[in-house]
Amino acid sequence: MQEPRIETKDPIRLIGMPGRFIVGTSPETNAGEVIGPLWGQLNARMAEIERADESACYGYSCWGDPAERSRPDEVEYLAGAPATADAPVPEGMLAVETAGGLYAVFEHRGPIWNLGATILAIYNEWLPQSEYEGNGKGDVELYDDRWSADGEDSVLEYWCGIKPKA
């Protein structure tokens, strides 16, 4: 497992397509069936978003309100684009602000279908052995010009929200 960069990130306003999925650590995960179609929907409607940055898109996952979950291991997800502060939210889309704060930044290399293995290694190997714990606020995926869905040389950044262990 690679050592991540530890960075403080500012919040980012995103507009995009929302959904919910069962986390990858569950044997009943449905992340692949939920997340891929959200990106397809976003790509088809990208021109509707007043973007603050044309060179990147973000996936944002967070636990959300426990009272709104259908089960304890359900996560909210947004496939989104960074939007200007006053950009209107197109019908059927949602605006969210990522959590600012401390992140462990990992590079996932290779095809998207293997991202789950990277995330499991972060949570099952790196995080328990590190001096940090999850912050419970959310994680961010950065897709920029290094990204190519199926490319072996593809790179995306996975930002794991952290805080020092008590």
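1. Let's start with how the chain folds back on itself. Among contacts in the protein between residues at least 6 apart in sequence, 77% join residues at least 24 apart; contact here means heavy atoms within 4.5 Å. Please keep in mind that this is a predicted model, in which local features need pLDDT of at least 70, side-chain atom pairs count only at pLDDT 80 or more, and totals for chains, interfaces and linings use all residues. Residues are numbered from 1 along each chain as its sequence is written, and side-chain values use heavy atoms, with hydrogens and water left out.

2. Now the elements. The protein has nine strands and two helices, and their order from the N terminus is β-β-α-β-β-β-β-α-β-β-β. Both kinds are DSSP runs numbered from the N terminus: helices are H or I with at least four residues, strands are E with at least two.

3. On overall dimensions, the C-alpha trace spans about 45 × 40 × 30 Å along its principal axes. The radius of gyration is 15 Å, which agrees with the value near 15 Å for a compact globule of 166 residues. That radius is taken over C-alpha atoms, and the globule rule is 2.2 Å times the number of residues to the power 0.38.

4. How much of the protein is buried? Of its 166 residues, 46% count as buried. Buried means under 20% relative accessible area, exposed over 50%, and partly exposed in between, with a 1.4 Å probe and protein chains only. The accessible surface comes to about 8,600 Å², and 51% of this belongs to carbon and sulfur atoms. These areas come from the Shrake-Rupley method with a 1.4 Å probe; for residues, only the protein chains shown count as cover.

5. A word on charge: there are 29 negative and 13 positive side chains, and the centres of the two sets lie 4 Å apart. Lys and Arg count as positive and Asp and Glu as negative, while His and the chain ends are not counted. Each charge is placed at NZ of Lys, CZ of Arg, CG of Asp or CD of Glu.

6. You may wonder about the cysteines. A disulfide is a covalent bond between the sulfur atoms of two cysteines. The criterion used here is a pair of cysteine sulfur atoms within 2.5 Å. A search of the whole structure finds zero disulfides. Cys-57 is in no disulfide, and its nearest cysteine sulfur, in Cys-62, is 18 Å away. For Cys-62, the closest cysteine sulfur is in Cys-160, at 14 Å, too far for a bond. Cys-57 is buried, at 12% relative accessibility, and Cys-62 is buried too, at 16%.

7. At the start of the chain, Met-1 sits in the segment before strand 1. With a relative accessible area of 48%, Met-1 is partly exposed. Leaving out residues up to four places away in sequence, Met-1 touches Phe-106, Thr-118, Ala-121, Ile-122, Glu-125 and Trp-126. Met-1 and Ala-121 are 120 residues apart in sequence, yet their C-alpha atoms are 7.1 Å apart.

8. Which strand holds Lys-9? Lys-9 is in strand 1, residues 5-9, and it is buried at 14% relative accessibility. Not counting residues up to four places away in sequence, Lys-9 touches Gly-100, Gly-101, Tyr-103, Val-105 and Trp-159. The C-alpha atoms of Lys-9 and Trp-159 are separated by 9.4 Å, with their positions 150 residues apart along the chain.

9. Pro-11 belongs to the loop between strand 1 and strand 2 (13-22). Pro-11 is partly exposed, with a relative accessible area of 41%. Beyond its neighbours up to four places away in sequence, Pro-11 touches Glu-97, Thr-98 and Gly-100. Pro-11 and Gln-129 are 118 residues apart in sequence and 27 Å apart from C-alpha to C-alpha.

10. Finally, have a look at Pro-128, which lies in helix 2 (residues 115-129). Pro-128 is partly exposed, at 47% relative accessible area. Apart from neighbours within four places in sequence, Pro-128 is in contact with Ile-122, Tyr-123 and Lys-165. Between the C-alpha atoms of Pro-128 and Ala-81 there are 31 Å, and the two residues are 47 apart along the chain.
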